[in-house]
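Work through the exercises below with the coordinates open. Each one sets a task and then solves it step by step.

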Amino acid sequence: MSGVHESQQDVDIDLGGLFGAIWRNRMRVLLATVACAGVAFVGANLITPKYKSESRLLIETREPAFTTGSDRAQGREQPAFDELGIASQVQLLKSADLIKQVARNMKLHELEEFDAAAKPSAISDVLVLLGVKKNPLDLPPEERVLKEFNEKLTVYQVEKSRVIAIEFTSKDPALAAAIPNEMAKVYLSLQSGAKLDTNSEATRWLEPEIANLREKVREAEKKVAEYRSQSDLLPTGENSTFAVRQLNDISTELTRVRGERATAEARAEGVRAVLKSGGAPDTLSEVVGSQMIQRLKESEAQIQGQISDLSTSLLEGHPRLKGLRSQLVGIRAQIKSETQKILSSLENEAKTARLRETQLEQQLNTVKADTARAGEDEVGLKALEREATAQRQLLETYLARYREATSRTDSNSTPADARVISAAVEPTEVDFPKVIPITIVGGVAGFALSAIVILLSELFSGRALKPVSGVAVPSARRREEEDGIEAEPAAAVVVVEPAVRKVPVSRIDLGTVKDIHAPAKSLLSGIEPEEDEEEEDESPRSSLVDAFEEESDFSVAAVARHMIDNNISVAISVSPSGDSGSTATVMLARRIAEEHRKTLIIDLTGSACPTRLMAQSTHVPGITDLLVGDAAFSEIIHGDRLSDAHIIPRGNANIKRAMRGIDRLSMVIDSLSDAYDTVIVECGPAEVEGVQRLTRGQETDIILSIPDADEDAIVDLIGAFGEAGYTEIVLMTGEDGEPPHYPGHRAAAA
């Protein structure tokens, strides 16, 4: 059904009204706040307190002091841990083996906190017997402790650092501090133990390798020695053999002999030249150095001295002087003879040097040939020496590593790559629950929930909506004021499903109501039309009677199929026969709901027959309460007792006041059509004028529920609806047959 747009008015939310509603209900809000805060306070105090403590580890590479220098000298300094390395250490701290070791060390399986399943409650036993819950005792104690331990443990990396934090929560503050410290201790022990295992494995592997290398080195050195002996390459020093050394010695000696020869020849030539020239031989160093010459020179000097002394007293012919002069000549002859001997000696020395030089040159040539041969043999020797040297170096490396690994077999010599920088201390404050914050949050939640409930109540009831400024108020209000009837305040309807949609409804003049205090057959039966309608000629009765007399299917099922197939969202049901017709309408709503369509029926009957059949009580809030503003929109929709359909009961409000807002029903129905697949308005034995006021001239499907009505009355009623301009008319009698098609109208077909 399309909305009655003529009666709508643009509205806006009245924020002042919303906050005013909260202020008017401040005692309820205060009570809700205090109640929620009290519940939160009591609940927080009933919860067993839990304590949390934390220990922190710094992950860094640690090496013993006696190996740090050698490692740096050999370029083996360990790199720092990266992000992946720190994450790996976090997983190691959370590993099951480490946790089980801590649990065994601290005997956690003996504590009820870590093995609550050992003493199950009666409810747990019942659930286990019924098979709803798995028996926790089927797990080993270690697994139960491990599960509880993991729930209380938190291990994480401190952001932008190599620090790992170990947090643990427990009911016992001492245990909350002891477990992180024990975990750090076990972790450091495992890290150190891993290094010890590595060193032990290295030692076990190196021992046979070293023994094997020693044998290889011995064999290689033996081959070198045998090759030297066979090739006559006896070593005489660093990088030197016997042949090379001999060659060097002969070369040195030959050089020395050549020097001596040259010296001897030069000295002999000098003596020879002096003697040949008649010069004084005593000027020669070789002559002066001779002892014989020196003695003869001394004798010559003495004789000359005597001759000089005697010459002063004796004559030249004195025999004494002659004798002395004769001795002087003899001495000088001896000096000359000795000089000749020295010359001969020098010449012999030079000759000997020449002979020695010749011999050395011959030896040098022989040694050169031997050295060349030794060089060729030395190539093979060097290959054997290189092999022996390589084996020896590998052996020395293995021996060094073996000594280092052996020295690290002690637990104190292999520190873990981590250290405790902050040990856990026994907490003094409760970590959970925080009574004061929980109480404050509970109070805030109570205040918020109560305020939300009040706001929603105001919005659903329409009391929090106000007309937008600048929009004219309909003339209905003025007509009510002219008739002396007090106007009701504007209301609004809020529909929530499937999405929130607000539909404003304005006050509209309802006209006068006939005999409102008398028992009404329908809430619409006493409504007069807004203005006089011109009389029109009656429709030909003959065609209507003929159509009604055709065999047709007027059953509830046929009408339901028709409405579903044609996707009719809103239909007005009129029951001229009273409660029997209303009962058929209820059956129609239930039949449509069975097809998984959201269906709603609105009870506008005077007898409240649909309300009695579907609602839990006839005294529940209904449409009249909504129209007078005594109930919110969400309060008047109720579920059917026997199906998935919903019903809006007639209500308990004053009918006179409700009839003043009857024109707002079109807005209510239009809003409900957005939330429901099918909306059926049961009007009871209403008159055409009342239905016309309800639909406000909009094209709407009309259902005539006539289980036991008179045919003439039905024909008259159909003619009246046709004259009023309704072209969608469906008959429903509950009997088998097809609904008739009337001229100018459309009837439902199965």
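Throughout, a residue is called buried under 20% relative accessible area, exposed over 50%, and partly exposed in between, with a 1.4 Å probe and protein chains only as cover. The model is predicted, so local features need pLDDT of at least 70 and side-chain atom pairs count only at pLDDT 80 or more, while totals for chains, interfaces and linings use all residues. Residues are numbered from 1 along each chain as its sequence is written, and side-chain values use heavy atoms, with hydrogens and water left out.

**Exercise 1. Determine which helices the salt bridge between Arg-104 and Glu-142 ties together.**

Step 1: apply the criterion, a side-chain nitrogen of Lys or Arg within 4 Å of a carboxyl oxygen of Asp or Glu; the closest N and O atoms of Arg-104 and Glu-142 are 3.3 Å apart.
Step 2: locate the partners, taking helices as DSSP runs of H or I with at least four residues and strands as E runs of at least two, numbered from the N terminus. Arg-104 belongs to helix H5 (residues 96-106) and Glu-142 to helix H7 (residues 141-152), so the contact ties together parts that are 38 residues apart in sequence.
Step 3: check accessibility, where Arg-104 is partly exposed at 42% and Glu-142 is partly exposed at 38%.

**Exercise 2. Contrast the sequence separations of the salt bridges Arg-256 to Glu-253 and Arg-258 to Glu-361.**

Step 1: Arg-256 and Glu-253 meet at 2.0 Å, N to O, and, being three residues apart in helix H9 (residues 242-277), they are separated by about one helical turn.
Step 2: Arg-258 and Glu-361 meet at 2.4 Å, N to O; because Arg-258 lies in H9 and Glu-361 in helix H12 (residues 319-407), this pair ties together parts 103 residues apart in sequence.
Step 3: widen the view to the network of salt bridges that links Arg-258, Arg-261, Glu-357 and Glu-361. By the rule already given, the count comes to 17 salt bridges.

**Exercise 3. Place strand S16 in its sheet and decide whether its faces are covered or open.**

Step 1: two strands pair if DSSP finds at least two bridges between them, and the open sheet of seven strands then has the order S13-S14-S12-S15-S11-S16-S17, with mixed pairing. Strand S13 (638-639) and S17 stand at the edges with a single partner strand each, so one side of each lacks a neighbour in the sheet.
Step 2: S16 (residues 701-705) pairs in the parallel sense with strand S11 (residues 570-574) over four bridges and, again in the parallel sense, with strand S17 (residues 728-732) over five.
Step 3: follow Asp-701, whose bridge partners are Ala-571 and, in S17, Glu-728.
Step 4: inspect the faces, where Asp-701, Ile-703 and Ser-705 on one side and Ile-702 and Leu-704 on the other are all buried; Asp-701 itself has a relative accessible area of 12%.

**Exercise 4. Find how many disulfides the structure contains, and state whether Cys-36 and Cys-683 are buried or partly exposed.**

Step 1: search for pairs of cysteine sulfur atoms within 2.5 Å; the whole structure yields zero disulfides.
Step 2: compare accessibilities, noting that Cys-36 is partly exposed at 29%, whereas Cys-683 is buried at 0%.
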